[in-house]
Structures are given as structure tokens and as C-alpha cells.
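Here is a short report for a reader new to this structure. Please look over the sequence and the model first.

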Amino acid sequence: MSGFERSETDEFARGARALVIYPELPGRASVGPEARLAEAEGLALAIGLNVVRKKHYRVRSPRAVTLLGGGQVEEIAEMGRDLEADLLIVDASLTAIQQRNLEERTGLKTIDRTGLILEIFGERAATAEGRLQVELAHLDYQAGRLVRSWTHLERQRGGFGFLGGPGETQIEADRRMIRDRMARLRRELEEVKRTRSLHRARRKRAPWPVVALVGYTNAGKSTLFNRLTRATVLAEDMLFATLDPTMRQITLPGVEKAILSDTVGFVSDLPTQLVAAFRATLEEVISADIIVHVRDISHPETDAQREDVLQILRDLGVLDDEQAGNQPRMVEIWNKLDLLDDDRRAELSGMAARDDNLLMISAVTGDGIDAIKAHLTALIAKGNELRTVKLRTDNGAALAWLHGRGVVSGQHVDGDIVSVDVSLSRQLWGQFEKQFEKQLEQADT
């Protein structure tokens with residue numbers, strides 16, 4: 001048995017030697033081949049693979065049998081033998097036939113981009129909901145490519161069997177098992193969806209604004225989340241370091257309470273199975289009051305990453321094509337300012353200064369964090385109404401309430417009456433009237 005194979009009870013084989021191949025197909029490249037290869041290598045490293053070689057191939061005419069040309073497949077097979085590789089990662093979508101033929105002709109276990117991302121998600125999902133979503137996505141992906149044993153479906157473990165050794169094949173029984181399992185998972189996720197809907201409805205009654213962080217994976221969302229909330233969400237220089245959504249209270253000046261949500265990072269060609277399976281989670285973004293798009297402005301392909309994120313938001317129905325570049329409730333954050341040289345930083349600062357919904361920060365150093373808080377406060381306050389509230393000067397509780405939950409712009413004392421100019425949302429004003437109705441009447445008399 002090679003170092004890559006594992007027994008039925010072994011965990012995921014870390015350290016497996018992998019070749020990473022990026023086939024550049026006609027008219028499909030949104031980023032350059034070097035950046036695409038670097039990202040594919042990052043995905044492999046995220047689950048402990050040892051990338052021994054990565055290479056870009058230009059495919060002028062994709063082959064239905066192997067995707068790549070015959071000479072390219074022979075070169076990959078030779079490379080695999082020379083480097084004693086165990087695994088071939090193809091950074092593209094493969095059909096079941098292409099996957100099987102590449103395995104036969106190269107002698108290497110083969111997975112495509114979708115399979116690799118699903119393997120990462122399978123290892124990283126920490127909550128019961130996350131595991132349900134990943135398993136559903138995995139089953140949906142594998143339903144049409146029954147090329148391996150499916151005995152692993154009846155047990156729980158981190159990975160999902162893409163990288164395991166061959167086993168017995170019972171295709172018809174497997175198909176029935178997959179269909180039945182998918183039906184059960186969908187029912188369980190419907191329960192999750194209903195629970196989330198109840199939570200969202202409760203938050204809307206509260207009424208606390210929700211701010212959702214979105215962005216390309218490794219853009220620094222979790223670092224920013226920790227900086228704003230003093231939380232300890234895992235934040236590493238690793239693709240998909242955070243999978244399960246996290247929500248925490250955030251303190252903003254003049255805002256009683258707001259909720260900040262950290263979501264899974266996006267990548268180009270995010271598997272459609274994952275978008276569908278994680279829809280219950282991503283609905284937090286759809287229903288958010290403000291969306292903060294965090295970008296790694298130091299990345300050489302930051303513009304292409306931005307377009308990928310916007311496209312996924314369009315697919316979710318958060319944006320339409322006309323609003324993609326100018327969404328009223330979206331703020332764009334240029335993160336990793338600390339990684340820029342002085343000239344680039346000055347150039348980008350000039351560009352950011354011309355856009356009210358664009359801020360530059362470093363989540364690591366804290367540079368620009370106060371500006372984010374002030375900007376979010378201003379956006380939340382846009383729907384507020386300016387009111388003049390009269391209270392008795394000895395009514396400390398009501399005065400403290402206004403200063404803690406509203407934005408006070410002026411205050412004038414006349415005898416034993418104080419007039420407070422305060423900006424409040426309609427919901428907060430309703431709360432204030434209900435709680436301090438008698439005090440308001442006393443001030444009027």
C-alpha cells in the first residue's frame with residue numbers, strides 16, 4: 001500500500017504527494033494562470049497535502065475523454081512517476097468519465113476543483129448544520145459519478161472519501177442509499193432554515209441591525225470580525241479557515257446594539273452544490289441590513305476576486321446586474337493596507353477618498369477600524385428621524401437611554417426641562433415612548 005492509501009478506519013491521509021494542474025480553457029479564465037495555480041496549491045495545502053509540482057496547460061480544444069490533450073496526459077503520467085506522486089488535482093470541473101480516464105492513464109488518484117473544495121469543507125465543518133450542508137453537497141456531486149465504494153456514507157468522519165482507496169461497487173444500492181440520504185438531509189436542513197427564519201424574525205423585532213461580512217476566502221474577514229467584536233474566531237493565512245457562520249454583538253457609537261455576521265469565504269468557480277447546500281447559511285447575507293465586502297487589496301488578482309464575489313451575490317439574489325457596482329447597502333473595505341508599499345498605498349488612498357462607500361484598513365494593525373465603525377453608524381442612522389425630546393432634568397434614566405441608543409446632536413436646558421435633539425429609528429422611538437411615556441407627559445405639563 002502506498003503512503004497515500006488508507007484503511008477503512010484511517011483519517012484523511014495528510015502529507016500525500018500531489019500534482020496540481022490548471023488547464024486553461026478557451027474564454028474561461030477570469031484570473032491569470034499563476035494566480036489560479038497559487039490558489040489551487042493553497043486549497044491543497046489547506047487539507048495537508050504536499051504539493052510536489054504545479055503546472056499550467058493551455059487547452060485549445062477540450063477533449064470529452066480526458067479534457068486535456070493526449071500528449072499532456074502522457075507528460076502528467078511521466079511527471080507523476082518521476083516525482084512519486086499519489087494524487088492529481090485538476091483545477092477545473094471534470095466529468096465522471098474524464099476523472100476515471102485520467103486515473104487510468106496517469107496511474108494517479110484524481111480529483112477536480114469541486115472535489116477538492118468539498119474535501120476541505122468536509123474536514124472543516126464544525127457544527128451539526130455545517131456537516132449536514134457539506135454532506136448534502138458531497139452527495140449531490142457524487143450522485144452522477146459512482147466510481148468508488150460508498151460504504152463510508154454510513155459513518156461519520158472528517159473527509160468524504162474522495163481520497164480513499166478503491167472498494168466494492170454496488171451501484172444500484174448506492175444510488176438508492178444516496179437518494180434516501182439526500183432526502184433526509186434536505187428535511188433536516190429545512191428545519192435549520194425554519195429555525196434561522198425564527199431567529200431573524202426575532203432580531204427584526206428587537207430591532208437590531210445586522211451587518212454581514214462577505215469576501216473572497218483569505219481576504220481577512222475573520223481577522224476584522226475579531227477586531228470589531230473582540231471575539232476569537234479562527235483567523236489564519238489559509239483558504240477556508242472559517243466555514244461555519246458566526247454572529248456576535250458589535251458596539252457602534254450611538255447605536256444600542258448591532259449584530260455582526262462572519263460568513264464562509266468565496267472562491268472563483270465555487271461549486272454550485274455548495275452554494276445550494278449553504279443557502280440557509282448565506283440567507284444571513286440576503287437579509288442583512290448592511291453588507292461589508294472585505295477585499296485583500298494587496299492581492300495581485302484583487303479585481304478578479306471582487307468580480308467573483310459580486311457574481312456569487314448576484315446568484316444569491318443579493319445583487320442584480322444593474323446594482324452590482326453600486327449597491328446602496330454595501331460597503332467595500334480594502335484590507336491588508338499594511339502589506340502595501342508607500343506609493344501603492346498613496347495611490348489607493350486617493351481612489352478611496354473619492355468613494356463614500358469605500359474604506360481602507362488593516363485588520364491586523366487596527367488602522368482604519370474607527371473609520372469603519374463611524375461609517376457603519378452613519379449608514380444605520382440614515383433611516384433614523386431627528387426628534388426633539390423634552391424631559392425633566394432629574395430624569396437621568398431617560399436621558400441615559402437616549403444617549404446610549406440614539407445619536408444626540410444637541411441638548412438645551414431651560415429651568416427644570418432639558419430638550420434633547422436625538423436621531424432615532426422608528427423602532428427605537430417606539431421603545432422609548434413605551435418605556436418613558438409618563439416622563440414625557442410630566443415634561444409637557
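The report covers confidence, two sheets and two helix pairs.

## Confidence in the model

This is a predicted model. The mean pLDDT of the protein is 79. A value of 70 or more is reached by 76% of its residues.

Confidence drops in places. Over residues 147–160, pLDDT stays under 50. The model still gives that stretch 43 contacts beyond four places in sequence. Residues 165–169 also have a pLDDT below 50. Beyond near neighbours in sequence, residues 165–169 have four contacts in the model. Where pLDDT is low, the predicted coordinates should not be read in detail.

## The parallel sheet

One open sheet has four strands, in the order 2-1-3-4. Its pairing is parallel. Strand 2 (50–58) and strand 4 (109–112) stand at the edges. Each has a single partner strand, so one side of each is left without a neighbour in the sheet. From one strand to the next, the twist averages 20°.

Look at strand 1 (residues 17–24) beside strand 2. Eight bridges join this parallel pair. Leu-19 has Arg-53 in strand 2 as its bridge partner.

## Helices on the parallel sheet

Helix 2 (residues 70–82) packs on this sheet. The helix touches strand 1, strand 2 and strand 3 (87–90). The direction of helix 2 makes about 165° with that of strand 2.

Helix 3 (residues 96–106) lies across strand 3 and strand 4. Helix 3 runs at about 145° to strand 4.

## Helix 4 against helix 5

Follow the chain to helix 4 (residues 113–124) and helix 5 (residues 128–142). Their axes come within 10 Å and cross at roughly 155°. The two helices are therefore roughly antiparallel to each other. Helix 4 passes helix 5 in a left-handed crossing.

Which residues of helix 4 and helix 5 meet? Helix 4 brings Thr-114, Gly-115, Leu-118, Phe-121 and Gly-122. Helix 5 brings Val-134, Ala-137, His-138 and Tyr-141. By class, the contact has five nonpolar and four polar residues. No charged residues take part in this contact.

## Helix 7 against helix 12

Helix 7 (residues 221–229) packs with helix 12 (residues 369–381) at an angle of about 75°. Their axes are 11 Å apart. That angle makes helix 7 roughly perpendicular to helix 12.

Leu-224, Arg-227 and Leu-228 come from helix 7. They meet Ile-369, Ile-372 and Lys-373 in helix 12. The contact of helix 7 with helix 12 has four nonpolar and two charged residues. Polar residues are absent from it.

## The antiparallel sheet

A further open sheet has three strands, in the order 11-13-12. Here the pairing is antiparallel. Which strands stand at the edges? Strand 11 (385–392) and strand 12 (407–414) do. Each has a single partner strand, so one side of each is left without a neighbour in the sheet. The twist averages 20° from one strand to the next.

Strand 11 and strand 13 (residues 417–424) run antiparallel and are joined by eight bridges. Glu-385 stands opposite Leu-424 in strand 13. Helix 13 (residues 396–405) lies across strand 11, strand 12 and strand 13. Helix 13 runs at about 25° to strand 13.

Technical notes
Residues are numbered from 1 along each chain as its sequence is written. This is a predicted model: local features need pLDDT of at least 70, side-chain atom pairs count only at pLDDT 80 or more; totals for chains, interfaces and linings use all residues. Side-chain values use heavy atoms; hydrogens and water are left out. pLDDT is the predictor's confidence in each residue, from 0 to 100. Contact means heavy atoms within 4.5 Å. Two strands pair if DSSP finds at least two bridges between them. Axes are lines fitted to C-alpha atoms, for helices over the stretch in contact, and angles run from 0 to 180 degrees between N-to-C directions. Angles under 35 degrees count as roughly parallel, over 145 as roughly antiparallel, 65 to 115 as roughly perpendicular and the rest as oblique. A crossing is left-handed if the near helix is turned anticlockwise from the far one by less than a right angle, and right-handed if clockwise. Ala, Val, Leu, Ile, Met, Phe, Trp, Tyr, Cys and Pro count as nonpolar, Asp, Glu, Lys and Arg as charged, and the others, Gly among them, as polar.
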